[in-house]
Amino acid sequence: MDKKALTEADIRTKFITPAIVGPDGTKWNVMTQMLEERYFTKGRIIVRGKTIERGEAKKADYILFYKPNIPIAVVEAKDNNHAVGSGMQQALDYAETLDVPFAYSSNGDGFVEHDRTGKADSPERDLALEEFPTPEELWARYRGSKGYTQEQAAVATQDYYDDGSGKSPRYYQQVAINRTVEAIAAGEKRALLVMATGTGKTYTAFQIIWRLWKAGMKKRILFLVDRNILADQTKINDFKPFGTAMTKITNRTVDKSYEIYLSLYQAVTGNEAEQDIYKQFSPDFFDLVIIDECHRGSAADDASWRRILEYFSSAAQIGMTATPKETKDVSNIDYFGEPLYTYSLRQGISDGFLAPYKVIRIGLDKDLDGWRPEKGMTDRYGHEIEDRIYNEADFDQNLILKKRTEIVAAKITEFLKATDRFSKTIVFCENIDHAERMRQALVNANPDLAAANKRYVMRITGDDEEGKAQLDNFIDPESTFPVIATTSRLMSTGVDAQTCKLIVLDRRIGSITEFKQIIGRGTRINEDYGKFYFTIMDFRKATAMFADKDFDGDPVQIYELKEGDSIMPPESSNVEEEEGHYGDDTVVFPDETPGGGKPAKYYVDNVEVTVATERVQYLDADGKLITESLKDYSRKTIQQAYASLDAFLHVWNDADRKQVILEELASKGVFFDELAEQVGNGYDAFDLICHVAFDQPPLTRRERAENVKKRNVFGSYGEETRAVLNALLDKYADGGLKSVESLEILKVEPMTSFGTPIEIINLFGGRPAYLEAVEELEMELYRAAA
C-alpha cells in the first residue's frame, strides 16, 4: 500500500482510528467516547441584500471524551504527504475553543501530543501509533494537574442529564457547565458566567444544578430570577426534569420540604425587614444559589439580591449574565470575581449560533436641529409653550410632537410592507404614554390589518394586564398575533422572542448594559420560521453604542436614510423596570398641571417632522464593519484573493471545477445573485468578477455560448456528442456554470432526449472522456478572456 497515494479520509480509517481504539477495540469506545469529523459551530450567517448563506463551520477530525460531554482531547489528521505534526496548530486552536487539555496531530505514521495542562516538563512529544494513550491515562494526568481528591473527581465526572432524545449541549455550554462544576467541586464559593442573550443560559444553569445535585454535593438549591415569566418558563421547560423535587416560591409563602427552589427575587424580599421572606429559611438552608441576569440587582451593594446573597453567604453562589455591570458604583466582578467563562455576542454571531443584524439609522429633522416654538404658541390644550429650544431629550418626555410619532409609525410600516407585514416587531418607546401613542399611530398606519385583528398592534407594558397577557403569544413562533408590540422597558430583558425580526429604538438608551439587553431580543435564530437575521431601526442614535469599547457584536449593515429615500437598505443609563415598578413611566394626563404651574407635557399637533438622514452598514464574513456598497465590498474581497486579472485567470483556467472558486468567494460574502441584480442578470459569475473587480467589459452568458457555437470548436466530435455539447451550451446560457459542471443536468430536459445519464456519458466513451469534453467546453467559453 502506498500511503502517499491515500486521501486524508483513508489515513483516518486505516491508521489513525485503529491506533486510537486499539488493536482489540478496548482503548476508546467508538460509540460513546469518539466523535469523528464533528462540526462544533454552525458557520456564520452572511447576509447580502435578500441573500443569506452560511460561512464555513468548524470541524474537528476527532473529539475524544472521557465520559459523554466531558471532552479531553482533539486529534487533527493530515494525509501522508504532510509531516506528522502538520495539524498541530489547528488542533491547538480547536483544543482552546473546546477547552480540552490534550491535542494531537497525525499523518498516519504516528502522533505528536501537546499537553495543555501546564504540568508537563515538555508540552510536546512524539508517539508511535500504538502508544496513543487510553482515556484513563489522560484523565489521570488531567486530574493530577488539577489536584482533585477522589470525591472532587467524582463530582467533576458526574453525568449530565440525558432525556434520551440525543440532545447535547453546544460546545460553549459544555465549557461553561464543566468549568463551573469543576470550580464548585474544587471548593470555589463564587463564580460568574457571562453568556450572550440567546445562548441558553437557563439550560446551562439546569445542567450545572443537575450534576451537582445528583452528585450529592449540593442538596438544596435556590435559582433566582427577576421576571415572573422567566420563573414560569424555567419551571415548565429546562427545569422540568426536577419534577416533584422542585417548587416555585409564590404568595410570599415558604415550604421547606423541597430541594430545588425557583423564585422571583421580589417574592422573597421587601422594603421592610419583616417582608424579607427569605429569612424564614435558616442562613445555611441552601448550599447553592444561582442568580440569573445578575447584572440587574446583585451587583449593587444595597440591592435586594445582594442582601439575599449575604444572608446565604455559606452557600456557593453562581452569577449568570449576558452583560456584566462594571461602573465606579456597581461591579459584578468585584462580587463574583473574574468570569469563569465568557461567550460573547460577537463569538455567537461568528459561530452561527446567534443572528447577525442590519441597522437602519433614521435622523429626523427636529431631533437633529432642535425646535423652538413661535412666541406665544400654544399646544393642543391651550397651554402656552415655554420659549426655548427643544431637542431629542425633550421629545416624548415633556414635549409631544404628534407628527414625529406619526412619521416613526410610517417608517416602520413602510419597512414591513417592503419585507413582511407579519414580521414580529418590538418598538421601544420613552415611557408608557409614548408606547400608547405609538400603538395608536401604528394602528392608524395599518388600518387594514388592525381592523382584521385587533391584536395586530398591542401595547405590552407593565401597567397593562391585557397587553401583558399577550406576551406569551408574542413570544410563541406559532402564534401570528400580536405582530407589533410597543413597550417601554418591560420587554428589554427576559423575552425569548425567537422570531422577532425588527427592533425599533425610539427611546434614548443611556447604558451599554441595557443596549446589549435590547439587542438580545432579536439575536435568536429560528430556521423553521425563516429567522436568520434581524433589523434594528434606530431613531434616537442609540446605535452609536456600537462604538463603545464594551460592545462586542457589530452590525451587518447600517443604513442612514435621506428624505425621499426608500426605507429598504440599498443593495449597494436608564432606570430598569421591574415587575410592579415602571421607572419614570408614570402616566401624566394631558391637562394635568402639577401645582398649578406649567403642564408636565406639551402636546403639539401641527409641527411638521421630516426624515433628514439614513445610513446602512454591513458586517463582512470576518465580522468587520464595512460601509461601502455591495459592489465596492465585492471588488475589495476579490482583489484580496487575486491581486490581478492575470492571477485570477490563471487560477480559473487551471481549476478542474470552476464552481469551487465561486463557492470560496461566496463564503467570504461575495454573493453573485445580488451582484447580478446590480450589474445585469444575464451575466455569468466569471464576467461579474472580471467586470466588478478588474473593470473588464462583460459578456452575457448567451453571448459566450453563441461565440462558441460560431467557432465550430466541436467539429472533431460525432453528431450525437456535438448535439449534447450544444445542449450544454444552451443550459449554460440559461442557468450558468453550475448547471454545466453538475452531472445532475443530464437528468433534465432536453438532455434526457439523448438517453439516460449513463448512456450520454458512454456516447463520449466513458466518464473521464465526458468530463474532459466539459472541461474543453468551459475553456472555449472563457477563451477570449484568457
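How many strands form the open sheet, and in what order? Six of them, running 1-4-5-6-7-8, and the pairing is mixed. Quick vocabulary: strands (E, at least two residues) and helices (H or I, at least four) are DSSP runs numbered from the N terminus, and two strands pair if DSSP finds at least two bridges between them.

Before I go on, this is a predicted model, where local features need pLDDT of at least 70, side-chain atom pairs count only at pLDDT 80 or more, and totals for chains, interfaces and linings use all residues. Residues are numbered from 1 along each chain as its sequence is written, and side-chain values use heavy atoms, with hydrogens and water left out.

Okay, back to the sheet. Strand 1 (34-39) and strand 8 (124-128) sit at the edges with a single partner strand each, so one side of each has no neighbour in the sheet. From one strand to the next, the twist averages 30°. Angles here run from 0 to 180 degrees between N-to-C directions, and axes are lines fitted to C-alpha atoms, for helices over the stretch in contact.

Now look at strand 5 (residues 70-77) and strand 6 (residues 102-106): they pair in the parallel sense over five bridges. Alanine 73 stands opposite phenylalanine 102 of strand 6.

Last stop, helices 20 (residues 645-654) and 21 (residues 658-667). Their axes are 8 Å apart, at an angle of about 130°. That makes them oblique (under 35 degrees is roughly parallel, over 145 roughly antiparallel, 65 to 115 roughly perpendicular, and the rest oblique).
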